[in-house]
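Please brief me on this protein chain and its ligand. I want the overall build, the ligand site and a handful of individual residues.

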Amino acid sequence: MHLLRDVAPSDLPGLKRLAEVLNTVNLPNDEEALQSIIDKSVRSFGGRIRDPLQREYLFVLEETRTGRLVGTSMVIAQHGTFEAPHVFFEVSQRQSYSSTIERHFQHTVLSIAYHYEGPTEIGGLVVDPELRGQNKPGKQLSYVRFLFIGMHRPWFRDHVLAELLPPLLPDGRSLLWETLGKKFTGLSYMEADRLSRQNKEFIKELFPQSDIYATLFPERVQKVIGRVGPNTEGVKKMLERIGFRYMERIDPFDGGPHFEARTSDVSLIRSLRRCKVLDEDLLREDDHECVLVAAEHKDPNNRFRAVKSPARVEGDQICLPGWARDLLGVSAGDKVASIPFE
Ligand SMILES: NC(=[NH2+])NCCC[C@H](N)C(=O)O
């Protein structure tokens, strides 16, 4: 069984273990960085960061039997501020034609751009590779972000952004970075990625300000622009299904595509229901559709809990199995929110 909850200060060792096995840019294998993500999340869930747009929430998926953390996901209320703009490449197509030699070309052009009042961002999705498949942990971690945004819609922006991971080389390097970013910064992809989490000044100062013709890159480098890696293909499909689309914008480092949706158009957020828990155990669990259902608490070390569970929704009442009520820490009459889990 799995429980989704807000990250707690005591989760540092569990997160470190995950970061070590995964070594992905989504969850930095760096104790200081992890500690600061945890601190910020704890203060965000606790409402101790006054301005909701400055909050950043980290969700963890816990295997209830062992207490082991098996995945994470994040919501950043606003990605792109005056202090730390959201930076990306705009991808456009430019045509040229010469009548003298009757040649027609279409070039892909990259132009650096900044957003200072950026969208809400969903990210940080990682799943222990040993676990993929069972009980759909990736989908749970992904969906919980929409459930949370729906529960607290005024805290978030009108657009939601997902920056997807491109195909990387087996050693974790990025082909686009090797061809472009590295030559303008002298940093490795990992170094630049780590630095960009704290300070993006170097991008603004060192990246080319003028348009870049991707035509100048080797074919295999052009191919990664706006593409996702094999492990991200499923996430991309899921996002498209719930209302996201490619914005013709990419990560300036690795070329990973930016997908976006209007918050009010995301189907999962639209289908959020608020219900009261019924004083009755759900019987014949297999006969019922699954939902992702969440409850919130006053406990400063555990503000938020969610589980995937079969449920029967009747108007504004919901009937849950006993085990789900236990995991959520709710009893009859308590308020919960749910979205369909298909
Ligand atoms: N892979 C990266 N770290 N890319 C650079 C940062 C890009 C990101 N959109 C930001 O503004 O923070």
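The briefing below goes from the whole chain to the ligand and then to single residues.

The model is predicted. Its protein chain has eleven helices and 16 strands. The chain is as compact as a globular protein of that length, because its radius of gyration of 22 Å is close to the 20 Å that the globule rule gives for 342 residues. The protein covers 90% of the ligand's accessible area.

**Overall build**

- Along the principal axes, the C-alpha atoms of the protein chain fill a box of roughly 80 × 45 × 40 Å.
- Of the 342 residues in the protein chain, 51% are buried.
- Contacts in the protein chain often span long stretches of sequence: among those between residues at least 6 apart, 70% join residues at least 24 apart.
- The accessible surface of the protein chain is about 16800 Å². Carbon and sulfur atoms account for 47% of that surface.

**Ligand site**

- Ten names make up the surroundings of the ligand: H79, P85, H86, V87, E163, D193, S196, K200, D251 and F253.
- By class, this shell has four charged, three polar and three nonpolar residues.
- H79 places a polar side-chain atom 3.2 Å from a nitrogen atom of the ligand.
- D193 does likewise with a polar side-chain atom, at 2.7 Å from a nitrogen atom of the ligand.
- D251 has a polar side-chain atom 2.9 Å from a nitrogen atom of the ligand.
- On its own, the ligand has 340 Å² of accessible area, and the protein covers 90% of it.
- Two elements give two or more residues to the shell: strand β4 (86-98) and helix α6 (189-198).

**S174, a loop residue**

- S174 sits in the loop between β7 (159-163) and α4 (175-179).
- S174 counts as buried because its relative accessibility is 1%, under the 20% cut-off.
- The side chain of S174 reaches two backbone nitrogens: that of L176 at 3.3 Å and that of W177 at 3.0 Å.
- Beyond residues up to four places away in sequence, S174 touches L168, Y189, F253 and D254.
- One of these contacts, F253, is also among the residues around the ligand.

**K16 and M238, two helix residues**

- K16 belongs to helix α1 (residues 12-22).
- K16 counts as partly exposed, because its relative accessibility of 27% falls between the 20% and 50% cut-offs.
- K16 touches E31 and L34, leaving out residues up to four places away in sequence.
- From K16 to N29 the C-alpha to C-alpha distance is 6.6 Å, with the two residues 13 apart in sequence.
- M238 belongs to helix α9 (residues 233-241).
- M238 is buried, because its relative accessible area is 9%, under the 20% cut-off.
- Outside its neighbours within four places in sequence, M238 is in contact with S142 and Y143.
- M238 and F45 are 26 Å apart in space, C-alpha to C-alpha, and 193 residues apart in sequence.

**Positive phi at K136 and R284**

- Most residues other than glycine have a negative phi.
- K136 is not a glycine, yet its phi is positive, at about 50°.
- K136 lies in the loop between β6 (120-127) and α3 (137-151).
- K136 counts as partly exposed, because its relative accessibility of 43% falls between the 20% and 50% cut-offs.
- R284 is not a glycine either, and its phi is positive, at about 45°.
- R284 is found in the loop between β11 (273-281) and β12 (290-296).
- R284 is exposed, because its relative accessible area of 63% is over the 50% cut-off.

Notes: Residues are numbered from 1 along each chain as its sequence is written. Side-chain values use heavy atoms; hydrogens and water are left out. Helices (H or I, at least four residues) and strands (E, at least two) are DSSP runs, numbered from the N terminus. Buried means under 20% relative accessible area, exposed over 50%, partly exposed in between (1.4 Å probe, protein chains only). A polar contact is a pair of N or O atoms within 3.5 Å; within protein, one must be able to donate a hydrogen and the other to accept it, and residues adjacent in sequence count only if both atoms are side-chain atoms. Contact means heavy atoms within 4.5 Å. A residue is near a molecule or strand if one of its heavy atoms lies within 4 Å of it. Accessible areas come from the Shrake-Rupley method with a 1.4 Å probe; for residues, only the protein chains shown count as cover. Ala, Val, Leu, Ile, Met, Phe, Trp, Tyr, Cys and Pro count as nonpolar, Asp, Glu, Lys and Arg as charged, and the others, Gly among them, as polar. The radius of gyration is taken over C-alpha atoms; the globule rule is 2.2 Å times the number of residues to the power 0.38.
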